[in-house]
Structure formats: structure tokens, C-alpha cells
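Reader: I should like to go through the assignments made for this model and hear the criterion behind each. Please set every value against its definition.

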Amino acid sequence: MKRRANVITFTNGYHGLTVGALTVTGDWTSHRPLLRHEEMGCSFHDTTIRAGTETCIWYKNQLEAVYCVAGGGEIEDLETGQIHPIGDGTLYALNGHERHCLRAREDMRMSCVFNPPSPARRCTIGRAPTH
């Protein structure tokens, strides 16, 4: 086990920390206690997406699994237009690098795992194409 001196927290910024992670809008906070330098093969993020926000994301180079611990909203697959509800106990996994939007009806606390793992302090910010 490796000990970390601190936990990195990002507020009101981009969702993700990878080259290719894009966001359009969003208001969220993410604590990332497990990143690439820990050499575990994945990264773990504890993220809260604020009520009333929409966050559009595209992870070009990562697979993502997300478990909703608390709260509610929806996820839209921007490539198919399909919308799925998210609530306590919902798990979604994006294994095709899908462009997607999260809409929070109420604060959503999400536990997220990324493969390959996210590095610290590396990002690309921009607009995710809608189609």
C-alpha cells in the first residue's frame, strides 16, 4: 500500500483528467485518491455532480464505469440519443468511448473507475461534438 500526502480536489472544472477528456458545461467536485502513479491499473474518483447542471463528456482514450452512490438524474448517449435514468444504486459502464451528457436533477455522488488510469494534472478542455 502506498500512502499519499494529499488528495487532489478539482472544483467547477473539467470532468476527467486525461488527454481527450472533454466537457461542455458543468459544476462538480472530484476527489481522486487513486491515480496512474499508484500503479493499480485503474484510477478511482469520488465525484459529486451538482443539481441542475449538465456535463457533456467524451473520454477518447479511457473506459469508464460509474456507480451512483446517492442522488439522481440521467445520462444521454449523444451518439444514439438514448436517455437512461440514474439513481441510487445505478451502475453504468461506457466501453465504447461514447460521448455522453449527465444531467443532475439533484446532487449526484458518483464513484468512478477509469481504465487506463487517469494521470494527475493533465487535461484537454473543449467542446464535445454533439454528433
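Reader: What makes the side chains along strand β8 (residues 91-94) alternate?

Author: Tyr92 and Leu94 point to one face and are buried, while Leu91 and Ala93 point to the other and are not buried. Buried means under 20% relative accessible area, exposed over 50%, and partly exposed in between (1.4 Å probe, protein chains only). Strands (E, at least two residues) and helices (H or I, at least four) are DSSP runs, numbered from the N terminus. This is a predicted model, in which local features need pLDDT of at least 70, side-chain atom pairs count only at pLDDT 80 or more, and totals for chains, interfaces and linings use all residues. Residues are numbered from 1 along each chain as its sequence is written, and side-chain values use heavy atoms, with hydrogens and water left out.

Reader: How do you know that strand β6 (residues 63-77) and β8 pair?

Author: Two strands pair if DSSP finds at least two bridges between them. β6 and β8 have 4 bridges, in the antiparallel sense, and therefore meet that criterion. Tyr67 has Leu91 in β8 as its bridge partner.

Reader: How many helices and strands does the chain have under the DSSP rule?

Author: The chain has 0 helices and 9 strands. Its pattern along the sequence is β-β-β-β-β-β-β-β-β. Of the 131 residues in the chain, 44% are buried.

Reader: Why is strand β4 (residues 43-49) called largely enclosed by the rest of the structure?

Author: Strand β4 is described in this way because 5 of its 7 residues are buried. β4 pairs in the antiparallel sense with strand β3 (residues 28-34) over 5 bridges, and His31 has Asp46 in β4 as its bridge partner. β4 also pairs with β9 in the antiparallel sense, over 7 bridges; there, Thr47 stands opposite Met110 in β9.

Reader: Why is the pair of Glu74 and Arg103 called a salt bridge?

Author: A salt bridge is a side-chain nitrogen of Lys or Arg within 4 Å of a carboxyl oxygen of Asp or Glu. The closest N and O atoms of Glu74 and Arg103 are 3.0 Å apart, so the pair satisfies the definition. Glu74 lies in strand β6 and Arg103 in strand β9 (residues 100-115), so this salt bridge ties together parts that are 29 residues apart in sequence. In general, side chains of opposite charge can pair when their charged atoms come close.

Reader: What makes Glu74 and Arg103 partly exposed?

Author: Glu74 has a relative accessibility of 25%, and Arg103 has a relative accessible area of 21%. Both values lie between the two cut-offs, so each residue counts as partly exposed.

Reader: How do you know that Arg103 also forms a salt bridge with Glu76?

Author: The closest N and O atoms of Arg103 and Glu76 are 2.4 Å apart, which means that the pair falls within the limit. This pair links distant parts of the chain, with Arg103 in strand β9 and Glu76 in strand β6, 27 residues apart.

Reader: Why is Glu76 called buried?

Author: Glu76 has a relative accessible area of 16%, so the residue is under the cut-off for burial. Contact means heavy atoms within 4.5 Å. Leaving aside neighbours within four places in sequence, Glu76 is in contact with Gly81, Gln82, Ile83, Arg99, His100, Cys101 and Arg103.

Reader: What makes Arg105 and Glu106 a salt bridge, and is each residue buried, partly exposed or exposed?

Author: Their side chains meet at 3.9 Å, N to O, so this pair also meets the definition. Arg105 is exposed because its relative accessible area is 59%, whereas Glu106, at 41%, is partly exposed. Salt bridges that share partners join Glu54, Glu74, Glu76 and Arg103 into one network. The structure holds 5 salt bridges.

Reader: Which residues line the largest cavity?

Author: The lining consists of Tyr59, Gln62, Glu64, Leu94, His97, Glu98 and His100. On a 1 Å grid over the protein atoms alone, a cavity is a set of points where a 1.4 Å probe fits but cannot get out, and lining residues have an atom within 4 Å of a point. The largest cavity has a volume of about 40 Å³, and the count comes to 1 cavity of 30 Å³ or more.

Terms used
On a 1 Å grid over the protein atoms alone, a cavity is a set of points where a 1.4 Å probe fits but cannot get out, and a pocket is an open set with protein on both sides within 12 Å along at least five of seven lines; lining residues have an atom within 4 Å of a point. Grid points are joined across faces, edges and corners, and a volume is the space filled by probe spheres set on the points.
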